[in-house]
Amino acid sequence: MKRALVLLLVLVCVAAKEWTEEELRRIEKQWAEQDGEEDEETEAMRRMEERKKKANIDLGKLKDMSPEQIMRMSKQGQPLMLFAQAVPSLNEQQADSASERWYQGLKNAGMDVQRYVVGDNRFIFMFQDGAEAFEAKTFFLDQPDCHSIDIENHNYRAKGHPEFNRSDL
């Protein structure tokens with residue numbers, strides 16, 4: 001539809017002025033480039049709107065759910081930060097390398113996540129869909145170079161923690 005309007009506009013302009021073939025090709029190329037940009041913008045906006053949709057929580061099912069399941073449902077579609085700490089015995093470069101490996105593992109799993117360095121051995125993983133942070137929890141806890149993670153003020157000990165308990169998974 002937009003192309004039809006643009007073509008109509010060109011025809012009106014052509015009637016008012018004589019355009020060379022080169023000018024018309026240049027204008028058409030610019031319009032095509034702008035159409036591509038708008039398509040990308042539209043797609044990005046659609047994804048943002050999908051993320052913003054809140055989960056419909058069935059209150060009747062809440063009594064059968066664990067607190068973590070309820071939290072996962074309530075955070076669906078909302079940004080959520082997961083704080084991860086590398087094992088204290090790692091130096092800054094090793095910890096950064098470990099967190100980059102964690103980040104790549106999450107991206108390869110199709111998660112929309114960003115990584116931020118907070119301190120020497122501390123990192124923030126920002127999930128655009130909070131439910132994904134709870135899916136990533138098991139991944140983090142299973143990493144031998146991860147000491148602990150925090151999600152929504154709840155601390156979980158990972159394999160790299162001396163008091164790691166397999167039941168935390």
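Helix 3 (residues 67-75) and helix 5 bring their axes within 6 Å of each other in this predicted model, crossing at roughly 140 degrees. That angle makes helix 3 oblique to helix 5, because only angles over 145 degrees count as roughly antiparallel. Beyond this helix pair, the briefing looks at an open sheet of five strands and at the salt bridges, which come to five.

**Where helix 3 meets helix 5**

- On the helix 3 side, the residues in contact are Glu 68, Met 71, Arg 72 and Lys 75.
- Helix 5 answers with Gly 130, Ala 131, Phe 134, Glu 135 and Lys 137.
- Sorted by class, this contact holds five charged residues, three nonpolar ones and one polar one.

**The sheet as a whole**

- The five strands line up in the order 2-3-1-4-5, with antiparallel pairing, and the sheet is open.
- Strand 2 and strand 5 are the edge strands; each has a single partner strand, so one side of each has no neighbour in the sheet.
- From one strand to the next, the twist averages 25 degrees.
- Helix 5 packs on this sheet, where it touches strand 1, strand 3, strand 4 and strand 5.
- The direction of helix 5 makes about 160 degrees with that of strand 4.

**Strand 1 and its two neighbours**

- Strand 1 (residues 80-86) runs antiparallel to strand 4, and five bridges join the two.
- With strand 3, strand 1 pairs over six bridges, again in the antiparallel sense.
- Leu 82 is a handy residue to look at, since its bridge partner in strand 3 is Phe 125 and its bridge partner in strand 4 is Ile 151.
- Two further pairings help to fix the register: Met 81 has Met 126 as its bridge partner in strand 3, and Ala 84 has Ile 149 as its partner in strand 4.
- The two faces of strand 1 differ in cover: Leu 80, Leu 82, Ala 84 and Ala 86 make up the covered face, while Met 81, Phe 83 and Gln 85 make up the uncovered one.

**Strand 4 and the hairpin to strand 5**

- Strand 4 (residues 146-151) is mostly covered, with six of its six residues buried.
- Four bridges pair strand 4 with strand 5 (residues 154-157) in the antiparallel sense.
- These two strands form a hairpin with two residues between them, and Ile 151 stands opposite His 154 in strand 5.
- Within the turn, Glu 152 has a positive phi of about 50 degrees.

**Salt bridges**

- Arg 115 pairs with Glu 100, and their closest N and O atoms are 3.0 Å apart.
- Arg 115 belongs to strand 2 (residues 113-117) and Glu 100 to helix 4 (residues 92-108), so this pair ties together parts that are 15 residues apart in sequence.
- Both partners are partly exposed: Arg 115 has a relative accessible area of 23%, and Glu 100 has 29%.
- Arg 101 forms a salt bridge with Asp 145, with 2.0 Å between the closest N and O atoms.
- Because Arg 101 lies in helix 4 and Asp 145 in the loop between helix 5 (130-141) and strand 4, the pair ties together parts that are 44 residues apart in sequence.
- The two partners fall into separate burial classes: Arg 101 is partly exposed at 44% relative accessibility, whereas Asp 145 is buried with a relative accessible area of 13%.
- Arg 122 and Asp 150 meet through their side chains at 3.3 Å, N to O.
- This salt bridge links distant parts of the chain, with Arg 122 in strand 3 (residues 122-127) and Asp 150 in strand 4, 28 residues apart.
- Arg 122 is partly exposed at 27% relative accessible area, while Asp 150 is buried at 16%.
- Asp 96, Glu 100 and Arg 115 are joined into one network by salt bridges that share partners.

Technical notes: Residues numbered from 1 in each chain as written. Predicted model: local features only at pLDDT ≥ 70, side-chain atom pairs only at ≥ 80, totals over all residues. Heavy atoms only, no water. Buried < 20%, exposed > 50% of the residue type's maximum accessible area, 1.4 Å probe, protein only. Pairing = 2+ DSSP bridges. Salt bridge = Lys/Arg side-chain N within 4 Å of Asp/Glu carboxyl O. Axes fitted to C-alpha atoms, helices over the stretch in contact; angles between N-to-C directions. Parallel < 35°, antiparallel > 145°, perpendicular 65-115°, else oblique. Contact = heavy atoms within 4.5 Å. Nonpolar A, V, L, I, M, F, W, Y, C, P; charged D, E, K, R; others polar.
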